Amino acid sequence: MQGLTHALDIARRAMIAQQTAMTVIGHNIANANSEGYTRQVAHLTAEVPSVWGTISFGNGVALESVMRKRDISLDNELRREMSSHGRWLTRSSKLKSLEQIMNEPSDTGLGAALDAFWASWAELSNSPDDMTRRATVREEGRILSHRFNTLDQRMQQMADGIDSEIRSGVDEFNLLLGELRAVNTSVREAELRGVSPNDLRDRQDLILDQMSELSGIAYGERENGSLFVRVGSTLVLDEAVFRPLEAVIHDLPDGSRQILIHRDRGEEVEIDEGFLGGLLEMRRESLPEYMAAIDALAVGVIDQINSLHSAGPSGVDFFHGTDASDMRLAREVDEDLHLINASTSGLPGDNDIALAMAQLGSQRFLAGGATSPEEYWNGMVGRLGVASREARFQEESLQISRDALDQQRMAKSGVSLDEEMTQILQVRQAYLAAVKLVEVTDQMMDSLMNM
Amino acid sequence: MRISTGMLHASALSQLSVAWTRLQNLQAHISTGRRIHLPSDDPFATGRVLAIKSDLRAHTQHVRGIDEARQFAVSSEAAVQRLVDIAIEVQEIATMAADDSYGTDSLTALATQVDGLLEEVLSMANTQHADIRIFGGFQTRDDPFIATRDRDGRIVGITPRGEGTEGRVQRLVGDQLLLTINLTGTDLFGEGYDYLTHAAEIRDAALAGDQEAIRELLPTLEEDFDRINLALAFTGSTITRLDAMSEQVDRESLLLEAARSEQEDLDMARALIDYQKEQVLLEATLSTVANLMDLSLVNYL
């Protein structure tokens with residue numbers, strides 16, 4: 001048979017349990033806007049009962065645990081979406097920048113410069129001996145080569161910018177990796193002490209989120225609570241492993257530069273998802289492809305113009321240079337307008353070269369005779385437009401599914417102030433009831449003492 | 001469904017961001033009047049617009065080519081017309097000189113007329129248009145024909161100055177379309193520029209009182225006239241052809257401009273209506289978000 005003191009003991013436990021529940025509510029409210037915070041719930045259960053003969057007497061309430069409300073499979077799914085979204089967001093943004101560099105459709109792009117160049121030759125063909133028209137041809141040639149130079153320069157600047165972003169991204173990844181290692185240690189220690197490290201787990205989750213946005217990662221949890229992380233097939237973090245990444249610039253045999261990600265001066269690490277994956281894809285594939293296409297156009301134009309021009313009496317080339325980066329007017333043409341060949345005969349009224357030049361825009365002499373400069377350029381701009389549009393659609397569609405998953409996660413793990421308010425009321429009432437129990441029990445004890 | 005406080009904020013932010021983005025995009029399109037700012041706005045239409053713009057620029061160039069070629073042809077026509085008139089005059093003089101009723105003095109006077117006409121033919125052969133000798137083939141800078149004169153300074157024929165006087169001058173008047181616009185000395189005066197030799201022979205025969213020789217030359221003069229007349233027909237047909245091309249290019253340019261506008265330009269009325277619609281939506285979103293953010297159980301406790 002339990003005495004009145006037992007009732008007081010139950011009331012005491014109830015008050016302590018409700019105070020704890022109130023503390024958890026307070027923690028939730030305080031962190032309602034904290035990034036990565038997972039709402040916590042105090043789990044109260046009935047104490048193990050005492051048995052007296054055949055009767056079981058309850059012993060009040062006990063705080064079993066304070067748990068995070070988290071759905072791990074949702075986390076995994078969301079992180080996969082974050083990685084894909086990071087990649088397509090970067091790709092979309094970079095392709096948009098590339099579109100801006102191409103500056104089409106406009107009256108100041110490369111297409112217009114090419115047209116103006118052909119037109120200047122057509123003008124010259126109408127009066128091959130006219131020095132003003134020769135000067136126009138020279139000026140349009142200068143503008144055209146400058147347009148090629150600028151395109152190449154801006155794309156090179158974009159490549160340098162991407163390299164720099166990759167290095168920053170790798171630095172950020174390494175910082176997160178270092179932080180995760182430290183959090184792992186704290187989690188292990190807490191788990192050893194038997195403490196549930198809810199807030200440290202939140203920190204782990206937040207770091208995984210941020211790492212997933214940066215790069216596609218694979219991860220898992222050891223029994224002691226610490227996390228391991230893989231990038232591609234490379235283990236970069238585990239209990240005894242810490243391998244920061246390194247962005248290394250390589251000089252390739254063709255004179256271009258390439259950026260590769262290595263682990264800790266070791267093997268190359270393949271990253272094809274996340275922000276870094278998108279940047280690497282742009283830097284290694286898309287950007288060089290467009291740069292090479294512009295170079296091919298420049299080389300095709302230089303070769304064809306020079307082959308026609310050098311057949312004239314001056315015998316000099318019109319353009320010098322080997323690609324879009326160093327294309328320029330031939331020094332001789334720059335210095336002396338008389339050296340511009342309007343015809344093979346050099347006679348003042350002959351215009352066969354000028355006429356041939358004027359018609360080059362729509363003549364298929366590029367890509368082994370498959371395409372004209374106009375078709376080549378328009379085709380390239382069109383391809384870029386399609387790629388950019390596809391990237392934007394992918395990004396928008398991934399953003400929608402990412403938002404939906406994020407909403408699901410927030411529905412599961414986010415703090416609802418209204419819910420916490422109702423909890424406060426619930427806990428307050430339970431606490432006040434426990435206090436009342438003490439008062440009544442006290443009165444009963446008083447009555448007993450005064451008998 | 002459980003709604004957390006963060007969800008409300010995130011959702012409101014996302015909705016506002018979408019509404020602002022749509023409004024900003026529309027505003028950018030309205031301010032430029034263009035539907036396509038970047039190729040990705042409509043890659044297919046961009047390809048069409050680029051091709052059309054290139055065609056339009058080429059058309060502008062073709063119009064200039066046609067205009068210049070027409071001016072050249074008009075100058076040629078005027079000069080050839082004068083040469084036709086001269087050829088008729090020479091024929092008339094020769095017919096008169098072949099008449100037995102003309103005495104020596106009259107023949108001398110007729111010879112002097114022919115001499116004057118020959119000088120004019122030489123001048124016509126070296127006609128300039130905008131500093132270009134129009135009948136000189138590729139020899140456009142200096143007079144392409146030099147007179148050969150007898151001891152008394154009378155023209156007996158002409159010779160070309162250097163190479164290229166028979167060159168065919170072509171002009172770019174359409175896409176991959178070249179048009180020959182010039183007449184050469186041979187077109188006008190025959191092989192070896194015999195017309196001038198024939199006229200000189202008429203003059204010399206008249207001076208010598210050799211009417212038989214003049215009669216023998218009359219059929220040759222007829223052939224010379226036919227040749228010059230044919231040249232006149234050529235210039236006339238060139239001008240007609242160029243006029244037709246000009247009209248054709250104008251028509252095509254109009255169609256191309258319409259096609260460009262259809263692909264590239266913004267449907268302003270629709271865009272403005274869309275803008276107003278988006279504006280209303282944004283205002284409604286702002287209003288509901290502001291309301292929603294203010295609602296909380298906290299306010300009632």
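Helices here are DSSP runs of H or I with at least four residues, numbered from the N terminus. With that in hand, let us walk through this predicted model, starting inside one helix of chain B.

In helix α6 of chain B, B:R227 and B:D224 lie three residues apart, about one turn of the helix. Their side chains meet in a salt bridge, with 3.0 Å from N to O. How exposed or buried are the two partners? B:D224 is buried because its relative accessible area, 1%, is under the 20% cut-off. B:R227, at 24%, is partly exposed. Helix α6 runs over residues 211–264 and has the highest mean pLDDT among the elements of chain B, 95, while α1(B) has the lowest, 90. For chain B as a whole the mean pLDDT is 93, and 100% of its residues reach 70 or more.

Now follow helix α6 to B:E264, whose side chain pairs with that of B:R34 in another salt bridge, 3.7 Å from N to O. This pair links distant parts of the chain: B:R34 sits in the loop between α1 and α2, B:E264 in helix α6, and 230 residues separate them. B:E264 is buried, with a relative accessible area of 2%, whereas B:R34 is partly exposed at 25%.

Which residues are linked with B:R34 and B:E264 in a network of salt bridges? The network takes in B:K53, B:R57, B:E257, B:R260 and B:D265, together with A:D107 and A:D115 from chain A. One of these members, A:D107, has its place in the loop between α2 (72–102) and α3 of chain A. With a relative accessibility of 58%, A:D107 is above the 50% cut-off and therefore counts as exposed. A:D107 and A:E375 stand 268 residues apart in sequence, and their C-alpha atoms are 17 Å apart in space.

B:R57, a member of that network, also leads us to a pocket. The second largest pocket holds about 610 Å³ of space. It is lined by 34 residues, and the closest to its centre are B:R57, B:A58, B:H59, B:Q61 and B:H62. Which elements each supply at least two residues of this lining? They are α3 (110–126) and α4 (131–192) of chain A, along with α2, β5 (170–174) and α6 of chain B. The largest share, nine residues, comes from α2(B).

Chain A offers a salt bridge of its own to look at. A:D130 pairs with A:R133, and their closest N and O atoms are 3.2 Å apart. A:D130 is partly exposed, with a relative accessible area of 24%, while A:R133 counts as buried at 17%. Side chains of opposite charge can pair when their charged atoms come close. Over all chains, a search of the whole structure finds 56 salt bridges.

Finally, turn to the surface of chain B. What makes up its nonpolar surface patch of about 750 Å²? The residues are B:M1, B:I3, B:L8, B:L292, B:M293, B:L295 and B:Y300. Within this patch, B:M1 has its place in the segment before α1 (5–32) of chain B. B:M1 is exposed, with a relative accessible area of 76%.

Note on methods
Residues numbered from 1 in each chain as written. Chains lettered and ligands numbered in written order. Predicted model: local features only at pLDDT ≥ 70, side-chain atom pairs only at ≥ 80, totals over all residues. Heavy atoms only, no water. Patch = residues over 30% accessible without salt bridge, like charges linked within 9 Å, V, L, I, M, F, W, Y side chains within 5 Å. Areas by Shrake-Rupley, 256 points an atom, 1.4 Å probe, with all protein chains shown as cover. Salt bridge = Lys/Arg side-chain N within 4 Å of Asp/Glu carboxyl O. Buried < 20%, exposed > 50% of the residue type's maximum accessible area, 1.4 Å probe, protein only. pLDDT = per-residue confidence, 0-100. 1 Å grid on protein atoms, 1.4 Å probe; cavity = no way out; pocket = protein on both sides within 12 Å on 5 of 7 lines; lining within 4 Å. Points joined across faces, edges and corners; volume = space filled by probe spheres on them.
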